[in-house]
Every structure is written in C-alpha cells, then in structure tokens.
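Trainee: Got a minute? I'd like to walk through this structure with you.
Mentor: Sure. Pull it up and ask away.

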Amino acid sequence: MRRLLSIGRAELLLLGRNRTALFNAVLVPVAIIGLLAAGRNRSDPTGGAELMTGLLGFVLVGVLYYTLVSTYVARREELVLKWLRTGSLTDTEILIGTAGPTVTVALGQMLLFVTAGAVVLGLRLPVNALVLLVGVLAGTAVFVLLAAASSAFTRTVELAQVTTLPVLMVCMAGAAFPLDTLPAPVAEALRWLPLAPTLDLVRLGWLGTTGPGPAHDFVGVLGAAAAPAGLLAVWMVLGWLAVRRWFSWEPRR
Amino acid sequence: MTAVVEAVALQRRYGAFTAVRDVSFSMRKGELFALLGTNGAGKTSTLELVAGLGRPGGGTVRVLGHDPVRERAVVRPRTGVMLQEGGFPLDLTPVEALRMWAGTLPAPRPVAEALTLVGLDHRATVRVRQLSGGERRRLDLAAAVLGRPDLLILDEPTTGLDPQSRHDAWSLLRGLLADGVSILLSTHYLEEAQELADRLAIMHRGVIVTAGTVADVVSAYPARIAFDLPAGLDLTDLPDLPGTRGVDGGRVTVHTPQLQPALTALLAWADRHTVELARLDARSASLEEAFLSIAEEGA
C-alpha cells in the first residue's frame, strides 16, 4: 500500500501540473452541472434520472478511459514504465498506481454528479446504494483495464484521440440514447458491451429499474442485478487477459 | 561460494534478429564485471536479461541465486538497475522522483544523501525536463543506488558525462565496491573498464569473444607494428619476423607475440639497407588492441 501511495502521489503531482487534465477534471463537470441546473425540468424525474446515470457513463468513458489511455502511453513513451519495472514494484502495482489519481478524480466527479442529481434535479435517494457502488467500481475496473489494453495500440499521446474513438463512440451511443430507442440489432450489440451492464447496475441501484417498468425494492434489485454483474465480471476477465497479452512496457522500436 | 550472477548459454531474439546468441559468464561477489563491446554487440540485451526485464529465448540466468523473472519479488529489493535509457516523469523534480522511488524500496537511503552522492544537490528542485543529458544520467545512478543494493546493474553509466563527472562516478563506484557491492556494468569506454573492472568480457555480435582479467584478455592478443611500405619494395623483401604480416594500401601491419625481438630485427634490417620506415608505429598489446582486433575480425 505504501508503494502504491508513493507512485500515486507522484502521478497526482503530474496531474496537477498538466493544465489540460486539470481543466477536464475540475471545470468540465462543474460546467455540466451548471447547464443541468439552468435547464432543469423537475416535472420529468425519469428523464432526469436517465440523464444523470448517463453522465456517470460519460465520466467512465470520456474522462477515465480517455485520460488513462493517454497517461499509459505518455509514461510508456517517456520510458517511465520501463524504469518503474526495474524496481521492487509489481506490474500490477505500477498499473494501479499510475491509474490512481485519475480513478480518484473520476470517482469524485461521479459523487459530485450523484449529489447534484439529488440537489438540483430532485432525484430520489438510491434504492440500493450497494448495487450502485458495485456498478460504479466494477465499471471503473473494466475501463481501467480497457485503457491499459488500448494503450498497446496507441503509438503516441496524440494518437490516443483516434484509438479511443471506437470505444468512446460505441459506449457514448449506448449512454446517450436509451437502448430501446435504437434499432434492435444495434441495441442488442450495445447491450453486451461494458458500459451497458455498468449503467444497468447504476440505474438498478439508484432507481430500482433500468427502464420504464416498475421499480424493484432493495432485495428485488439484487436479483435483477445478477445478470449485468456477471457480464461485467466477464469483461473484467477479458480486460485482464487483453492487458496480459498486449500491454507493452516500453516503446516499440 | 555461489556466484552473484550466473549466465549460461543465454539467447535473446527480437523477431528475426538475434541480439544475444550464446552468452555465458559468472560474476563473483564484490567484484566489478564489465561487458565491453561495439554498438549492437548485445550488451544491453544481456543486461536486461540479468535485470529480469525479459525472459531469455534460451539458456538460463541466476541472479543472487534466483531466477530474476520468476522470483522477481525476491531479487529486485537487492538489485539496483540503471537502464541505458530510462525515463523519469519529465514534470517531476529530482527530489520528487527519488522520493517516489524511495517509497517503493524496503530500506532506502535518504533522498538527499543519494543526490549528494551523484553531485546533483544544486539541481534537486528543477524539473527533470530541464536537466542536461549528463545530469539525467546522474539522476539514474542516484535511483539505482537509492535502495542500497547488493548488486548494481549499470548499462553505460557514464555515457554522456563530462570527464569530471565521469571520474566522480568512478569514485562513487569504487566506494560502493569497497562496501562489498557487486557491480555489473557495460561500457564502450575501454579506459573505464581498465580503470574499474576486476574482470571483463568483450562481446561482439551476440557472443562473448574473450573474458578474464584485463591482463588475461590483453595477453591473448599480439602486439602490433605498422609502417609505410618503402617505395620499390614488397612484402617478400622484408626480413623474417615472428608473427604475421599483411599490407593494406601501402601500409604494412605486423602482429607479433614478441614485440621486442620483432622490432629489433625490423630496425636492424632497415639500418643495414638504409631503408626509411615512414610513420613507424609499434605498440604492445592493450585492451584497445584487443578490442579493435575483435571488432575488425568480425567486420
């Protein structure tokens, strides 16, 4: 833990010295909440709930995943990862420590959005906070792993804008439109990608339901959560295998 | 006594290119073992295998009695590695980078002490981005010694240093040797090997061509006499000399195991025939001779 903290602290210093990253971490969510507050519509709590949970998806993909791909690539190209590997840290510690501050920022933003959802949009309290938390944490883990795997296919930090597009577009489409408004084959495909089960867990935990159907109670939610939780677990395993298979610790020559 | 590093028939391939063909050596506790070689000889690849950064394509390596890849957790706390090209986050300062590194080590030196050892105190709070190449090299060295390792693995530790800093680095390494630290280093500075190494190995194209103490290595190579072939003469006109001779572009080179008798015979012959040996050059075997003749043989 001491080792994780010391690498995390260094990454935090670096994050603080990177103006773009700082802007994305702090100002963007504040601006979003401002927009929400300005355009709020308390008469439509369901729409508000869809919007808020979609925002959590945006944090996972647009902030966490995208920032981490850039970070892993930058550390690899600066030969920092190679140097870190010569020491006492394990590979897992290096990956987690490097991701630490970004993960913290993302979790902070999500907390902010949930709070803002309650205060500004007047959303109800989560039906089952445990399921909500599991959804957020499992989703975070999956997107950290996907970021590490994607970094292997990204030669430079600039190229991260291109290589993250497929995951970004597909996941955003899933987050922006409720799945049942999309053509059936597209919706079916999106359902299997990692953002869908994450948002299912978040919505089940918060709203008690994933659609217009009636809300489950605390216990009923647990049963409904099993399938998306299982799917996320599969994605975690796939992500971990992809990292083991493709992650590279030094630039390709 | 077990060897600090025991490499047997090591191989390493990158795709179709074989960087390390067949490398075996054994390093004793407390000695400085130098790997010498031309660029591309396989030194860095060999050191990376010893450091446990990759699995050998063939052969085995034991470091402090362990497999450096499989038993990384046991080996790493006892080794300090300086990569040929290692990276520090450019927007950290040396103090911040070393503080982070210290946090990953079981029993590190104080950061300030490590910076003093390499003479970087005055640059401690400047961003790494602003350090010169030589200063970054010294920061690398500080990180390698920060954990008080039993074995240091240094890949060209003094490349890019000015002569003063190089001598400072040498005295730091001598001090560590005196404390019982074992040091495996690669260099292409022959002077560095001659100055520091208890034993050395010369690598060329992925194999160790020769190894031993400086004296051992040098004694296996002949001394050399060179001069311009006098006008109107050819090789057969020259006297019998111990060793081999050749001519290239009008310049004669004699390789001989017995420099003094060969030189005496040559000069006596020249005197008798009043022949001038223009640009006469005679040198006894040296590490440089050994190194050059290995590089030439392979070329």
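Trainee: What covers the buried residues of H11(A)?
Mentor: This is a predicted model, so keep that in mind. The cover includes two helices of chain A, H6 (129-151) and H10 (195-207).

Trainee: Which residues of H11(A) are buried?
Mentor: A:Val221, A:Ala225, A:Pro228, A:Leu231, A:Leu232, A:Trp235, A:Gly239 and A:Val243.

Trainee: Why would residues three or four places apart point the same way?
Mentor: An α-helix has 3.6 residues a turn, so residues at that spacing end up on a shared side.

Trainee: How many residues does H11 of chain A have, and how far does it reach?
Mentor: It has 29 residues, 218-246. From first C-alpha to last it reaches 41 Å, close to the expected 42 Å.

Trainee: Where is the kink in H11(A)?
Mentor: At A:Ala225, and it is about 40°. The proline A:Pro228 follows shortly after. Both A:Ala225 and A:Pro228 are on the buried list.

Trainee: New topic. How many residues of chain B are in contact with chain A?
Mentor: 21 from chain B, against 20 of chain A. Helix H3 (residues 94-102) of chain B gives the largest share of chain B's side, three residues. By class, that side has 13 nonpolar, four polar and four charged residues.

Trainee: Now strands. Is S11(B) buried or in the open?
Mentor: Largely in the open, because zero of its five residues (244-248) are buried.

Trainee: Which strand does S11(B) pair with?
Mentor: S12 of chain B, residues 251-256. They run antiparallel, joined by five bridges. B:Arg245 stands opposite B:Val254. The two strands form a hairpin with two residues between them. In the turn, B:Gly249 has a positive phi of about 60°.

Trainee: And what about S8(B) and S9(B), how many bridges there?
Mentor: Five, in the antiparallel sense. B:Ala201 has B:Ala211 as its bridge partner. That hairpin has two residues between the strands, and B:Arg205 takes a positive phi near 50°.

Trainee: Last one. Which residues touch the most other members of the largest nonpolar core?
Mentor: A:Tyr65, B:Ala34, B:Val50, B:Ala142 and B:Ile202, out of 145 residues. Helix H3 (residues 45-77) of chain A gives the most to this core, 16 residues.

Trainee: What is B:Val50 in contact with, leaving aside neighbours within four places in sequence?
Mentor: B:Val5, B:Ala7, B:Val61, B:Val63, B:Pro68, B:Ile153 and B:Leu184. Apart from the largest core lies another, of six residues. B:Val254 is among them, as are B:Phe227, B:Val252 and B:Leu266.

Technical notes. Residues are numbered from 1 along each chain as its sequence is written. Chains are lettered from A and ligands numbered from 1 in the order in which they are written. This is a predicted model: local features need pLDDT of at least 70, side-chain atom pairs count only at pLDDT 80 or more; totals for chains, interfaces and linings use all residues. Helices (H or I, at least four residues) and strands (E, at least two) are DSSP runs, numbered from the N terminus. The expected span of a helix is 1.5 Å times one less than its number of residues. The bend at a residue is the angle between axes fitted to the seven residues ending there and the seven starting there. A residue is buried if 20 or more other C-beta atoms lie within 10 Å of its own, exposed if 12 or fewer, and partly exposed in between; C-beta atoms are placed from the backbone. Two residues are in contact if their C-beta atoms, placed from the backbone, lie within 7 Å. Ala, Val, Leu, Ile, Met, Phe, Trp, Tyr, Cys and Pro count as nonpolar, Asp, Glu, Lys and Arg as charged, and the others, Gly among them, as polar. Two strands pair if DSSP finds at least two bridges between them. A nonpolar core is a set of buried Ala, Val, Leu, Ile, Met, Phe, Trp, Tyr and Cys residues joined through C-beta atoms within 7 Å.
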